[in-house]
Amino acid sequence: MGVFTAPWLVAFTRLTWFAASCLYLADTMSDELKRYEATHASMGTKFTVAAYGGDVRLLAATVEQVFEEIDRLHEQMTRYQPGSELSFINREGASFPVRVEPGLLALIEKSLRHSEDMGGAFDITVGPLMEAWGFFRGQGRVPTQEELQSVLKCIGYQRVKLDPSNRTIHFDLSGIELDLGGIAKGYAVDRAVSILSENGITAALVSSGMSSIYALGAPPGEEGWKIILRDPFDSTVPADVVYLKNFAMSTSGNYNQFFKLGGKTYSHIMDPRTGMPVENMLSTAVFLASATDSEALSKLYVLGVDASRQYLATHANIQALFYLPAGPEKQFKRVLIQSASYSLPPDSLVKFTGDLAGSHIA
């Protein structure tokens, strides 16, 4: 059976998606600020930047710099190109300690901390499991129990050993492979925002396709960037609206990749601890100050609502919105939970409207 994809519907304030590599429009609400928008394919998705400023040439040059950095990260972190640094680590990591570039080492170290904190619900060694289910080949399949048991022996963040002082990484078992697909796009969004800020841009929205968003500042005359969360059953229907400013959001959903077999739907979101696709969950949106962290923590999808409540009880400044199946076919319910200790950074905004406005946060 084929793998089907459905786009994550995200609507930006006065933002239109463009297939062209770059385009700028004058902001009709301001004689001084211009808006520049550009889209670039990388990391298996499309990155979009919408930025406001007084100098279109500066905006264009900065966004080009952003896309060059994203391409550099892709070339470093992809596991599909034999010449990438990550591919070299995967080939040699079980043979000897491999010296790693500082930025990549820091990202792997952060990933392992998230894996430990989430009890393995997020795990950057999950790649072989995705292959066993056919999601890397675009042809979904159900592996046998024997296959799963064999693959699960090679899944486990605990097998990855870091030596920060020597900047090396080592695997204690042959067959371990790193896959940064669950965090690299968020990291790229954060790097993009850093470049924009370093060049004096204070209002921009950066999106990594279906994964992560960072809202830098706000459009002229607006309190924040308007983000529309899609209905988990219909990409053309909005479910909720949130305004973001100086904050990040990431999503995981069972509609992004899946296949059907024998009347059952199998999602691409795996529980690395069991080797099985997650069930009884439609989608999750997670809101944090960092897109790197929000993308990793979008795997609260794997933990589910109750375990996520326990996680948020000891981790500050996180909100998570769950869409769960409810009642008849294609109906859902929302559950919004928040860290026991929650305080937005200065000059930041996470504001829900519509059905979620003023709702009780568990």
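**Exercise 1. Find how many bridges join E9 to strand E10 in this predicted model, and work out which strands of the sheet stand at the edges.**

Solution. Start with the pair itself: E9 and strand E10 (residues 234–245) run antiparallel and are joined by seven bridges. For a concrete example, pick Lys226, whose bridge partner in E10 is Tyr243. Now zoom out to the open sheet, which has three strands in the order E9-E10-E19, paired antiparallel. Strand E9 (225–231) and strand E19 (349–353) each have a single partner strand, so they stand at the edges, and one side of each has no neighbour in the sheet. From one strand to the next, the twist averages 35 degrees. As a reminder, the strands of a sheet pair through backbone hydrogen bonds, either parallel or antiparallel.

**Exercise 2. Check the span of helix H6 against what is expected, then decide how enclosed H6 is.**

Solution. Helix H6 covers residues 184–198, which is 15 residues. At 1.5 Å a residue you'd expect 21 Å, and the first-to-last C-alpha reach of H6 is 21 Å, close to that. Next comes burial, where the cut-off is under 20% relative accessible area. In H6, 11 of the 15 residues are buried, so the helix is largely enclosed by the rest of the structure. Among them are Lys185, Tyr187 and Asp190, along with Val193, Ile195 and Leu196. What does the covering? The cover over the buried residues of H6 includes helix H1 (56–77), helix H3 (102–117) and helix H7 (291–297), plus strands E3 (45–53), E7 (203–208) and E8 (212–216). Just past the end of H6, look at Gly200: its phi is positive, about 80 degrees.

**Exercise 3. Take Asn90, Asn280 and Asn317, and sort them into buried, partly exposed or exposed.**

Solution. Go one asparagine at a time.

- Asn90 sits in helix H2 (residues 85–92). Its relative accessibility is 15%, so Asn90 counts as buried. Setting aside neighbours within four places in sequence, Asn90 contacts Arg79, Phe171, Ile176, Glu177 and Leu178.
- Asn280 belongs to the loop between strand E15 (276–277) and strand E16 (283–288). With a relative accessible area of 64%, Asn280 is exposed. Its phi is positive, near 60 degrees, though the residue isn't a glycine.
- Asn317 is found in the loop between helix H8 (300–313) and strand E17 (319–325). At 31% relative accessibility, Asn317 comes out as partly exposed. Asn317 isn't a glycine, yet its phi is positive at about 60 degrees.

Note on methods: Residues numbered from 1 in each chain as written. Predicted model: local features only at pLDDT ≥ 70, side-chain atom pairs only at ≥ 80, totals over all residues. Heavy atoms only, no water. Helix = DSSP H or I, 4+ residues; strand = E, 2+ residues; numbered from the N terminus. Buried < 20%, exposed > 50% of the residue type's maximum accessible area, 1.4 Å probe, protein only. Contact = heavy atoms within 4.5 Å. Expected span 1.5 Å × (residues − 1). Pairing = 2+ DSSP bridges. Axes fitted to C-alpha atoms, helices over the stretch in contact; angles between N-to-C directions.
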